[in-house]
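Here are my notes for a colleague opening this structure for the first time. Please read them with the model on screen.

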Amino acid sequence: MLDVSEIQTFEHDVLVIGAGGAGLRAAIECSNRGMNTGLMCKSLLGKAHTVMAEGGVAAALGNVDRRDNWKVHFRDTMRGGKFLNQWRMAELHAREAPDRVRELEEWGAVFDRTTEGLISQRNFGGHRYPRLAHVGDRTGLEMIRTLQDQAVLKGFGIYMECTALQLLLGGRQIAGVLGYWRESGRFVLFRARAVVLATGGGGRAWRITSNSWEYTGDGYAMAYEAGAQLMDMEFTQFHPTGMVWPPSVRGILVTEGVRGDGGVLLNSKRERFMFRYIPEKFSVETAASEEEANRWLKGDKTARRPPELLTRDVVARAITQEVNEGRGSPHGGVFLDIASRLPAETIRRKLPSMYHQFKELAEVDITREPMEVGPTLHYFMGGARVDSDTQMTTVPGLFAAGEAAAGMHGANRLGGNSLSDLLVFGRLSGIGAAQYVRGLGHVPRVEEDAVRAAVRRATEVLNRDTGTNPYAVHEDLQGVMGRYVGIVRAEGDLKIALVELERLKADAARVRAPGASQYNAAWHEALDLRALLVTAEAVTRAALVRQESRGAHTRVDYPGERQEWQNMNVIVRRGKDGRMETEVERRQEPPKTLAAIAYATIEDLEANRV
Amino acid sequence: MSERLFRIWRGTAAGGSFVEYRVDVDPGMVVLDVLHRIQARLANDLAIRWNCKAGKCGSCSMEINGRPRLACMTRMNQFGGAEMIAVQPMKTFPVVKDLVTDVSWNYEQNRRIPPFRPKPRPADGQYRMRQVDVDRVQEFRKCIECFLCQDVCHVLRDQSRKDAFVGPRLMIRLASLEMHPLDTEDRVPALREEFGSGLCNITRCCTEVCPEQIQITDNGIIPLKERVVDRYFDPLLGLVRKVFRRK
């Protein structure tokens, strides 16, 4: 029998899993509060998915348009989230984002400037005013590098290329994490009084995704298996503009900044089709003609916003419909044109990495010709259910922030609200974890049987003489999710997906990784499959339960929003028999003051009458 | 679809050799796509470090037909139809396995650099910087830490002087701090004494391989060298600077 004391062991007050924006910010906060902090990440430091964020970080600084303030940001966020957001989280986010951005500047971030020398802000979908602080189209890189530098300065323990396998409990409380070093294949045990999940999303369960390889839903699966509740898992955001050609780059993100800076969507008939897809709720704030949209772009404050800047769910569905009705581009997308809208020099300056990306990967010069784009799985609004103020999940000592957590974005996230989410809730989860640790009476001990079982489960994959190919199982899963749990869903398809997932679970249970455990890609792939399958099943089951179309969740058999569902969250958790179960839970009434802001007219908000 | 011949270095720190793989290649593929296909079909345990597959994270650095490159940004159609493609790990860093190297030395160097120290905020709480003044550091901050510049640097690669020179990546990091409009720290003495600015002999190999097209030598290293020269070898200017503490 394996002797647990022989496993390399580290002890921390707080262990943060994931070194993207949320994880780094959480760890910095814990360290600031005197916690013995550790940070483990699957990749090298600075490579997490945050690095790919392009457009910017949303914060009502009011530098470009003085009418902006937290209330308008809050209202935009709630409207974008179709009022399913946790009210308190959306409030905290809108209130605190400006301070978090200024803090980054103090830590060395260099944002683009206005002519007065202040942090510049750009327009983005669903945001009433220019609100996104940015650095060209590489804002995520700037943010992660700044946080990385700050983390290095703090000097806490950073465990790179170290993957978390399982959360460990002592009784009902968090007591640690079992992981493995990718490089050596050796197991590592972290004893910790609190754990923060900052593991991002699970887009790799789909084939067409903007997500990098790390995004295998590890946090969702680990939280679920530790007994935590997941919430809002049916809301998976398809970003409207991913690359569609060549096939090998299909899904790679094309920033919304292209549209924010004036880019327009065209179908094969060269029609600016978005004017035909304006939802009634947004019609009073959206331009009615190309002439008005163009005036808005030039800064005319009496004009309304172009329809290309409607929320992502609306634009993604519109593109899908254009393609399905035969008006798509040659490779099955639509055209995104910036070339005819801005001078070549301006495009290269404002969108340098888009210019570079299309030139290098698709041999398309975006200053001369339009891009071909289509929807790509981008973001999970759902995740571990957390307390709005402390970010603690339903498991004591387990916290979650960023994409790993649910609630902030409701049914649909606005562009730019993710980077600000990472900063605001990364910090709050750090505060929450530190307070929890301080109040902890006794230190829970890791249950050693669980450690042994987890090690056995992981090493079985290496010891099999025959078995399935983990890459093939993963590809199979991606096909199933793309076909049956895509952008438009139906009961029949979702039920087929559940049957397919049972088959895939059986395949995954027999998976084999040849070779030794040292930097063995097949083994890593095999271990990620478990989390991918839990994530895929949670999304599918939640999607089956929600019988309406809201935000990013579209059911052809239940079109339109249903009022009764606005008051409901779908909860996913592990049942007593070990099977996944769902529950529909009634939401609490919103605080009156917040409801008044969210439902106010923009005139009343601007005049400060709310 | 066409079949291509790949030679991939397989092995560990203990040793290794090139192994040949024949694989179908589809139009539009980059080298990383082909490596993934080989991994999925022919060599399940092939070690590759990669993340974003969009040239944004700098993980998949390797040497392709002798040239340091990002595998995700190297298109297959730039190679001749019958050309064999040889892929090997970066030479400057110790091999972990196959195409993965141990780049931790770079992270250790980064820790030695005196951190950003901003001037206090003005009374209204708003830092003001002009775009023209931040353009310069924004160029350096584009760095994705792929370490390809470190890989080709003669001082590190051929002369094995990791003990004396931090290399182009860290020089760019130093430049991004030294030229930051808000920074107040003085790193000039350390540039000369600890980071080895004098060892770079300006061959510009680092600039050539930079996937972000940062003008590493001309805009970063040379101006830093000039600061060192001004401080240490121009006594009059040195005195003036000492008196006025100008950066």
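1. Start with the area buried between domain 1 of chain B and domain 2 of chain B. It comes to about 1200 Å². Carbon and sulfur atoms give 55% of that area. On the domain 1 side, Pro68(B), Thr92(B) and Phe93(B) stand out: they supply 44% of the area that domain 1 of chain B buries against domain 2 of chain B. No other three residues supply more. Keep in mind throughout that this is a predicted model.

2. Where do the two domains of chain B begin and end? The domain assignment puts domain 1 at 2-101 and domain 2 at 104-244. The contact between them takes 15 residues from domain 1 of chain B and 18 residues from domain 2 of chain B. Their centres, taken over C-alpha atoms, are 31 Å apart.

3. Now the polar side of that interface. Between domain 1 of chain B and domain 2 of chain B there is one salt bridge. Glu63(B) and Arg157(B) also deserve a look: they form a salt bridge whose closest N and O atoms are 2.8 Å apart. Five residue pairs are in polar contact across the interface of the two domains, both residues at pLDDT 80 or more.

4. Which strands of chain B supply the domain 1 side of this contact with at least two residues each? They are strand S3 (61-64) and strand S4 (67-70). S4(B) has the largest share, with four residues. By type, the residues of this side of domain 1 of chain B divide into six nonpolar, four polar and five charged.

5. Turn to chain A. Its domain assignment gives domain 1 (15-235 + 381-439), domain 2 (240-376) and domain 3 (451-570). Note that domain 1 of chain A is given as two stretches, 15-235 and 381-439. The contact between domain 1 of chain A and domain 3 of chain A takes 40 residues from domain 1 and 42 residues from domain 3. The C-alpha centres of these two domains lie 23 Å apart.

6. How much area do domain 1 of chain A and domain 3 of chain A bury between them? The figure is about 3400 Å², with 60% of it on carbon and sulfur atoms. Trp206(A), Arg207(A) and Glu234(A) supply 20% of what domain 1 of chain A buries against domain 3 of chain A. That is more than any other three residues.

7. Charge pairing is present here as well. Four salt bridges are counted between domain 1 of chain A and domain 3 of chain A. Look also at Arg530(A) and Glu225(A), whose side chains meet in a salt bridge at 2.9 Å, N to O. Across the interface of these two domains, 21 residue pairs are in polar contact, both residues at pLDDT 80 or more.

8. Several elements build the domain 1 side of that contact. Those giving two or more residues are strand S7 (162-170), strand S8 (173-181), strand S9 (187-197), helix H5 (218-225) and strand S10 (230-231) of chain A. H5(A) gives the most, with five residues. The residues of this side of domain 1 of chain A divide into 21 nonpolar, eight polar and eleven charged.

9. Next, the contact between the chains. Chain A and chain B bury about 4900 Å² between them, 51% of it on carbon and sulfur atoms. Lys47(A), Val110(A) and Tyr519(A) supply 13% of the area that chain A buries against chain B, more than any other three residues. Seven salt bridges are counted between the chains. Check Arg121(B) and Glu106(A): they form a salt bridge with the closest N and O atoms 2.7 Å apart.

10. Across the interface of chain A and chain B, 42 residue pairs are in polar contact, both residues at pLDDT 80 or more. On the chain A side, the elements giving two or more residues are helix H3 (87-106), helix H4 (139-154), helix H11 (352-362) and helix H16 (521-545). H4(A) gives the most, with eight residues. The residues of this side of chain A divide into 26 nonpolar, 15 polar and 19 charged.

11. One last residue. Is Arg131(A) buried or exposed? Arg131(A) counts as buried because its relative accessible area is 0%, and the cut-off is under 20%. Arg131(A) lies in the loop between strand S4 (121-122) and strand S5 (132-133) of chain A. Beyond its neighbours within four places in sequence, Arg131(A) is in contact with residues including Asp68(A), His73(A) and Asp76(A).

Note on methods
Residues are numbered from 1 along each chain as its sequence is written. Chains are lettered from A and ligands numbered from 1 in the order in which they are written. This is a predicted model: local features need pLDDT of at least 70, side-chain atom pairs count only at pLDDT 80 or more; totals for chains, interfaces and linings use all residues. Side-chain values use heavy atoms; hydrogens and water are left out. Domain bounds come from an automatic or database domain assignment. Contact means heavy atoms within 4.5 Å. Buried area is the accessible area (1.4 Å probe) that two parts lose on being put together, summed over both. A polar contact is a pair of N or O atoms within 3.5 Å; within protein, one must be able to donate a hydrogen and the other to accept it, and residues adjacent in sequence count only if both atoms are side-chain atoms. Ala, Val, Leu, Ile, Met, Phe, Trp, Tyr, Cys and Pro count as nonpolar, Asp, Glu, Lys and Arg as charged, and the others, Gly among them, as polar. Buried means under 20% relative accessible area, exposed over 50%, partly exposed in between (1.4 Å probe, protein chains only).
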